[in-house]
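Colleague: I have the coordinates open. Can we go through the helices and the sheet by question and answer?

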Amino acid sequence: MKMSGNTILITGGTSGIGFEFAAQLLKLGNTVIITGRDQARLDEAKKRLPNVHTMQSDAGDPQAIAALFEKVVKQFPELNVLINNAGLMRRINLHDPEVDLDDLNREIATNLSGPIRMVKQFLSHLKSQESAAIMNVSSGLAFVPLPISPVYCAAKAGLHSYTQSLRAQLKNTKVKVFELAPPLTETPLLDAFDSVDMAGSKAMSVSQLVGAAIRGMEQEKFEIRPGQSNALKLMSRIAPKFIFGQLSKSVDNMLRTSK
Ligand SMILES: NC(=O)c1ccc[n+]([C@@H]2O[C@H](COP(=O)([O-])OP(=O)(O)OC[C@H]3O[C@@H](n4cnc5c(N)ncnc54)[C@H](OP(=O)(O)O)[C@@H]3O)[C@@H](O)[C@H]2O)c1
């Protein structure tokens, strides 16, 4: 698809992959709107990218999604691309008695229910455009779980599955459905993790990742799996026990340090 002249909404655009998407897509001549929960971070992003439009909105909150839709389509009726990027990732020890029942599913609310609700809310508008796309940002961990982040990986596996179904259901529309499954990427998402958690894997630079994602969209490659994400998908098919064992190693460290 053409990667210039679009009007693009990116959830979670104040940091990491979302911010880099905004920067690169603006450079290519697109109109870009980003969201985030924190107004101060939105203001900071606007300072760094003066042409970006910002709207405060929580991707895990259905009422905020409905309000965002009203505001966006009023101000930007030509909106034709939705990038569901907002996400969080936590290390969760399932033995921990302190884990709160409500808080436990926060990754599901933001990383899985969020995109599902955003698509439901924006779909008829996108279908009315001449050319349109939805990009869901999943993860290489959608193919093989990293057990120290069990809820995150469940959400991403769910998002991968949902995106496949969405693509099949939209096959006779003008809305193209993309999935970006990033590998480990240098962003603040990883601040709470150390190299033992990530089995010493080297992270990809965020500009390289987003460059690959935009090229993938341009070439209409619908499942974009840069670097190690491609290897994870392949290994999940040819050596599933081995690769799951590798990603399970950091559980030992978690169990040892929590005693
Ligand atoms: N970095 C990696 O290694 C990696 C690998 C695979 C997949 N991913 C995926 O890539 C996406 C972006 O991650 P990142 O690495 O760029 O993380 P990041 O640097 O932590 O950025 C996350 C962004 O999402 C926003 N956000 C979080 N919760 C939100 C909510 N409920 N509503 C709206 N915005 C929200 C944050 O802003 P506020 O906190 O201010 O709301 C921030 O702008 C995520 O879906 C992540 O799972 C990342």
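Colleague: What span does H3 reach from its first C-alpha to its last?

Modeller: This is a predicted model. H3 has 14 residues. At 1.5 Å a residue, the expected value is 20 Å. The C-alpha distance from first to last is close to that, at 20 Å.

Colleague: Around the axis of H3, what arc do the buried residues cover?

Modeller: The buried residues of H3 are Ala64, Ile65, Leu68, Phe69, Val72 and Val73. In an α-helix, residues three or four places apart point the same way, because there are 3.6 residues a turn. The buried residues lie on the same side of H3, since their arc is only 145 degrees.

Colleague: Which residues are exposed on the other side of H3?

Modeller: Exposed here requires over 50% relative accessible area. On the side of H3 away from the buried residues, those exposed are Gln63, Glu70 and Lys74.

Colleague: Which residue has a side-chain oxygen that reaches the backbone nitrogen of glutamine 63?

Modeller: Look at the start of H3. The oxygen comes to within 2.9 Å of that nitrogen. It belongs to aspartate 61.

Colleague: At what angle does H3 run to E3?

Modeller: H3 spans residues 62-75 and lies across E1, E2 and E3. Its buried residues pack against those strands and also against H4. Relative to E3, H3 runs at about 160 degrees.

Colleague: And at what angle does H4 run to E4?

Modeller: H4 covers residues 106-127. It lies across E1, E4, E5 and E6. Its angle to E4 is about 175 degrees.

Colleague: Which strands stand at the edges of the sheet?

Modeller: The sheet is open, with seven strands paired in parallel, in the order E3-E2-E1-E4-E5-E6-E7. An edge strand has a single partner, so one of its sides is left without a neighbour in the sheet. The edge strands are E3 and E7.

Colleague: Which residue in E4 stands opposite isoleucine 8?

Modeller: E1, residues 7-10, pairs with E4 in the parallel sense over three bridges. Opposite isoleucine 8, E4 places valine 81.

Colleague: How far apart are the end C-alpha atoms of H6?

Modeller: H6 runs over residues 206-218, which is 13 residues. At 1.5 Å a residue it should span 18 Å. The model agrees, because the end atoms are apart by 18 Å.

Colleague: Which helix do the buried residues of H6 pack against?

Modeller: The buried residues of H6 include Val206, Leu209 and Ile214. The buried set packs against strands E4, E5, E6 and E7. The helix it packs against is H1.

Colleague: What phi does glutamate 220 take?

Modeller: Glutamate 220 comes just after H6. Its phi is positive, about 55 degrees.

Technical notes. Residues are numbered from 1 along each chain as its sequence is written. This is a predicted model: local features need pLDDT of at least 70, side-chain atom pairs count only at pLDDT 80 or more; totals for chains, interfaces and linings use all residues. Side-chain values use heavy atoms; hydrogens and water are left out. Helices (H or I, at least four residues) and strands (E, at least two) are DSSP runs, numbered from the N terminus. The expected span of a helix is 1.5 Å times one less than its number of residues. Buried means under 20% relative accessible area, exposed over 50%, partly exposed in between (1.4 Å probe, protein chains only). Contact means heavy atoms within 4.5 Å. Two strands pair if DSSP finds at least two bridges between them. Axes are lines fitted to C-alpha atoms, for helices over the stretch in contact, and angles run from 0 to 180 degrees between N-to-C directions. The arc is that of the directions from the helix axis to the C-beta atoms. A polar contact is a pair of N or O atoms within 3.5 Å; within protein, one must be able to donate a hydrogen and the other to accept it, and residues adjacent in sequence count only if both atoms are side-chain atoms.
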